[in-house]
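Colleague: Hi! Could you walk me through this one?

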Amino acid sequence: YKQRVGIAQTILHRPEIVILDEPTVGLDPHSVKEVREFILKLKDNHTILLSSHQLHEISLVCDEITIIAKGNIIQSGSIKEINESLHRDKEIQILLRQANENFYEAIKSLEAFDRIETEESEEGIRFKLHPKNDEDLRSMLVKMSVDNNVELLELVTKEESLEDLFLKAVNEYA
């Protein structure tokens, strides 16, 4: 309740800019969600400067971020812009019960991927595909699995989290 009272006191005089330092630290998940929703409502009428080490929370409420290391600004902009400047690594994973030679040949013939990795396990064969660009390739991969008569068990697109981007930016700065 102290966090909520502190935020309420801050906006009582309708400031143009609201500065929040770690507003969700020490809160239970229910309270974190309430504070997050409150911050999102504040964005309509205030500029919010939010400092936090909870990068997942930052990604849920912020339009733009600034990454600071050793007192220096090393990245600033929208999450998308920072993704692009750090050459994000997007990955599409497909899990097949098993793959046949036709499927292997079809996937290798595609020029849409920088890198293709495979892993075999008890659950099947997992392909880790690293696309060259942001083109949505999921429907093509589903069609390819149907055309080549392979059982598709899972198709997942994975992108780097804000935590991954933060660590990459700080490591490049060091």
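Modeller: Happy to; we will talk about aromatic rings and then a pocket. This is a predicted model, where local features need pLDDT of at least 70, side-chain atom pairs count only at pLDDT 80 or more, and totals for chains, interfaces and linings use all residues. Residues are numbered from 1 along each chain as its sequence is written, and side-chain values use heavy atoms, with hydrogens and water left out.

Colleague: Cool. How many aromatic pairs are there in the whole structure?

Modeller: The search finds two. Rings of Phe, Tyr and Trp (its six-membered ring) pair if their centres lie within 6.5 Å; planes under 30 degrees apart are stacked, over 60 edge-to-face and the rest tilted. Phe-103 and Phe-127 are edge-to-face, at 5.3 Å centre to centre with 70 degrees between the planes. Phe-103 sits in helix H5 (residues 101-109) and Phe-127 in strand E7 (residues 124-131), 24 residues apart. Helices (H or I, at least four residues) and strands (E, at least two) are DSSP runs, numbered from the N terminus.

Colleague: And what about Tyr-104 and Phe-127?

Modeller: Tyr-104 and Phe-127 make a tilted pair, 5.6 Å centre to centre with 50 degrees between the planes. Phe-103, Tyr-104 and Phe-127 form one aromatic cluster.

Colleague: Is Phe-127 buried or exposed?

Modeller: Phe-127 is buried, because its relative accessible area is 1%; buried means under 20%, exposed over 50%, partly exposed in between (1.4 Å probe, protein chains only).

Colleague: New topic: which elements give two or more residues to the lining of the largest pocket?

Modeller: Strands E1 (17-21), E2 (47-51) and E3 (64-69), plus helices H3 (55-61) and H7 (162-173). On a 1 Å grid over the protein atoms alone, where a 1.4 Å probe fits, a pocket is an open set of points with protein on both sides within 12 Å along at least five of seven lines; lining residues have an atom within 4 Å of a point.
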